[in-house]
Amino acid sequence: MRLRFLGSTSEAGACPSLYETDRGTIVVQGLRVTDAAALADLRHVLDGETAVEVPRELLAEIARRVLSVNIGHD
């Protein structure tokens with residue numbers, strides 16, 4: 001699998017960051033959620049899975065960029 005950096009809201013491109021894969025999926029790089037109460041709220045966590053916190057602003061910015069690129073090519 002190969003990754004293409006999409007963006008970050010952190011200084012100097014640190015985490016959290018989002019990447020697009022060559023398989024059409026998104027990879028999240030960020031700090032693992034360790035708060036026990038928050039983890040207890042998760043559903044159906046499989047072996048090998050973890051939760052990563054991502055600011056809404058980062059998701060909104062990437063969505064705007066991806067949608068504008070996709071709309072521009074239609």
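Here is a short tour of a sheet, a loop and a surface patch. Please keep in mind that this is a predicted model. Its three strands form an open, antiparallel sheet, while the loop between helix 1 and helix 2 holds Leu42 and His44.

**The sheet**
- The strand order is 1-2-3, and the pairing is antiparallel.
- Strand 1 (3-8) and strand 3 (26-29) are the edge strands; each has a single partner strand, so one side of each has no neighbour in the sheet.
- From one strand to the next, the twist averages 25°.
- If you would like to trace the pairing of strand 1 with strand 2 (residues 17-21), look for the five bridges that join these antiparallel strands.
- A handy place to start is Phe5, whose bridge partner in strand 2 is Tyr19.

**The loop between the helices**
- Leu42 sits in the loop that links helix 1 (36-41) to helix 2 (56-72).
- Leu42 counts as partly exposed because its relative accessibility is 40%, a value between the 20% and 50% cut-offs.
- His44 belongs to the loop between helix 1 and helix 2 as well, and it counts as exposed because its relative accessibility is 74%, over the 50% cut-off.
- The backbone of His44 deserves a look: its phi is positive, about 55°, although His44 is not a glycine.
- For context, most residues other than glycine have a negative phi.

**The surface patch**
- Leu42 also joins Leu39 and Val45 in making a nonpolar surface patch of about 230 Å².

Notes: Residues numbered from 1 in each chain as written. Predicted model: local features only at pLDDT ≥ 70, side-chain atom pairs only at ≥ 80, totals over all residues. Heavy atoms only, no water. Patch = residues over 30% accessible without salt bridge, like charges linked within 9 Å, V, L, I, M, F, W, Y side chains within 5 Å. Areas by Shrake-Rupley, 256 points an atom, 1.4 Å probe, with all protein chains shown as cover. Salt bridge = Lys/Arg side-chain N within 4 Å of Asp/Glu carboxyl O. Helix = DSSP H or I, 4+ residues; strand = E, 2+ residues; numbered from the N terminus. Buried < 20%, exposed > 50% of the residue type's maximum accessible area, 1.4 Å probe, protein only. Pairing = 2+ DSSP bridges. Axes fitted to C-alpha atoms, helices over the stretch in contact; angles between N-to-C directions.
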